[in-house]
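Welcome, and please have your viewer ready. We will take this tour one selection at a time.

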Amino acid sequence: MLRSAIRPLAAVSRKPASSMFSTTPKRDMKILAILYDGGKAAEQEPRLLGTTENKLGLSEWLKSQGHEYIVSSDKEGPNSVFQKELKDAEVLITTPFHPGYLTKDLMDKAKNLKLCVTAGVGSDHIDLNAAVDNKVQVLEVTGSNVTSVAEHVVMSILLLVRNFVPAHEMIERGDWQVSEVARNAFDLEGKVVGTIGAGRIGYRVLQRLVPFGVKELLYYDYNPLPEHAAKEVGARRVEDLKDFVSQCDVVTVNTPLHEGTRGLINADLLKHFKKGAWLVNTARGAICDKDAVAQAVKSGHLNGYAGDVWNVQPAPKDHIWRTMKNPLGGGNGMVPHYSGTTLDAQARYANGVRSILENYFAGKPQDPANIIVGIGKYESKAYGQREDKQKTSHGFSKS
Ligand code: NAD
């Protein structure tokens with residue numbers, strides 16, 4: 001993977017050039033983390049590191065380094081801990097599982113903010129263009145949960161194609177009517193499966209589908225896979241999105257959310273899907289038009305939709321994706337946002353956040369793969385095509 005030289009990140013963004021490469025470890029910093037409440041589960045299970053109770057396992061260490069560490073789940077409105085404490089915080093840690101939405105307006109007011117760290121993968125809850133303009137750096141723990149998500153995608157594809165949820169619900173109800181569930185159950189073998197986005201997660205999904213004997217694996221991505229990688233999984237690239245979806249029995253979405261993917265799957269595109277196709281989205285809820293998807297499931301044009309990401313999180317109680325069904329009463333594989341927050345993943349992203357902070361405090365260079373927005377420019381190529389502002393390689397990586 002090509003990597004460009006990235007300057008050290010510590011103490012750089014809003015300071016004069018003379019202080020940019022200071023290697024004196026920084027102290028007395030205010031670090032704000034917005035995480036989700038884990039409640040009783042987090043008290044009983046210390047490996048739930050991404051919670052307000054367990055604080056990414058960073059409390060003692062940050063204290064010993066002389067920093068102030070504020071952790072809260074309270075993130076909405078001007079009186080929230082998030083908005084109040086952000087005003088003079090230097091580092092903001094957020095998680096996609098309970099996103100503290102960092103708008104341009106909030107960023108403009110956060111005069112001391114220099115570094116945003118995403119505990120996980122996917123930094124769309126931060127206005128990245130504002131981060132570029134304000135010279136606030138945005139890093140995520142790239143790769144930390146990509147296997148976790150790819151496994152969830154494969155599970156979701158299988159549960160839709162095999163009509164698993166209604167079959168299980170039948171058993172819980174005490175019923176037994178095989179034909180009722182078998183009438184809409186299929187094999188994955190022989191189907192065409194395509195991924196929108198063939199980066200770390202998309203590629204892992206393709207890899208995991210090879211043994212299922214699908215008819216063909218397709219991908220749609222403005223960054224083509226390296227030839228050897230495409231060959232290894234036998235994936236064919238389709239360059240036109242409508243053409244791509246019209247060939248797939250199953251579509252899985254694995255792109256970041258940005259201007260080019262918000263609402264990408266809408267009523268117009270859904271018309272081009274095969275009748276009875278299945279759609280899995282573990283990327284971001286807002287990539288799909290909520291009502292267009294619900295309507296397509298209701299009519300049976302989509303045989304099912306599954307995923308764990310929602311256009312607002314936590315999803316409101318009456319969110320239509322919670323209860324939508326196809327005409328045969330199935331086709332819903334929705335769960336809360338948790339595919340990328342398995343206990344294994346939490347250990348990886350908690351460690352990753354600590355490494356990023358260690359580098360920042362010590363003025364050491366960061367892993368280039370973790371940098372979404374560097375100092376005043378996009379470093380990642382995965383958040384839209386911005387040829388003038390970006391310089392890193394394709395998101396594809398087996399590591
Ligand atoms: P990645 O950067 O490795 O890959 C993203 C790929 O999407 C890149 O190859 C990029 O070129 C492609 N892409 C971007 N815009 C596109 C577009 N308009 N059309 C087609 N392709 C496009 O990222 P990743 O690690 O594979 O993660 C992808 C996304 O998955 C994250 O940004 C995040 O939103 C989501 N995610 C969800 C969870 C979860 O728990 N549900 C966990 C991790 C990541």
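**First stop: the ligand**

Select arginine 200 together with the ligand: a backbone N or O atom of this residue lies 2.9 Å from an oxygen atom of the ligand. Keep in mind as you look that this is a predicted model.

Next, add asparagine 223, where an N or O atom of the side chain is 2.9 Å from an oxygen atom of the ligand. Then pick histidine 258, which has a polar side-chain atom 2.8 Å from a nitrogen atom of the ligand.

How much of the ligand's accessible area does the protein cover? On its own the ligand has 870 Å², and the protein covers 96% of that. Two elements give two or more residues each to the surrounding shell: H6 and helix H9 (200-209).

Now show the whole shell. You should find 33 residues around the ligand, with Arg200, Ile201, Asp221, His258 and Thr282 the closest. By type, the shell divides into 13 nonpolar, 16 polar and four charged residues.

**Second stop: the sheet**

Switch to a cartoon view and look for an open sheet of seven strands, paired in parallel in the order E8-E7-E6-E9-E10-E11-E12. At its edges are strand E8 (235-237) and strand E12 (332-334), each pairing on one side only. From one strand to the next, the twist averages 20°.

Zoom in on strands E10 (residues 277-281) and E11 (residues 302-307), which are joined in parallel by five bridges. Here alanine 277 stands opposite leucine 302 of E11.

**Last stop: two helices**

Select helix H6 (residues 146-161), which packs on the sheet and touches E6, E9, E10, E11 and E12. Its direction makes about 150° with that of E10. Finish with helix H13 (residues 290-299), lying across E10 and E11 and running at about 135° to E11.

Key: Residues numbered from 1 in each chain as written. Predicted model: local features only at pLDDT ≥ 70, side-chain atom pairs only at ≥ 80, totals over all residues. Heavy atoms only, no water. Pairing = 2+ DSSP bridges. Helix = DSSP H or I, 4+ residues; strand = E, 2+ residues; numbered from the N terminus. Axes fitted to C-alpha atoms, helices over the stretch in contact; angles between N-to-C directions. Contact = heavy atoms within 4.5 Å. Near = heavy atom within 4 Å. Polar contact = N/O pair within 3.5 Å; in protein donor to acceptor, adjacent residues only side chain to side chain. Areas by Shrake-Rupley, 256 points an atom, 1.4 Å probe, with all protein chains shown as cover. Nonpolar A, V, L, I, M, F, W, Y, C, P; charged D, E, K, R; others polar.
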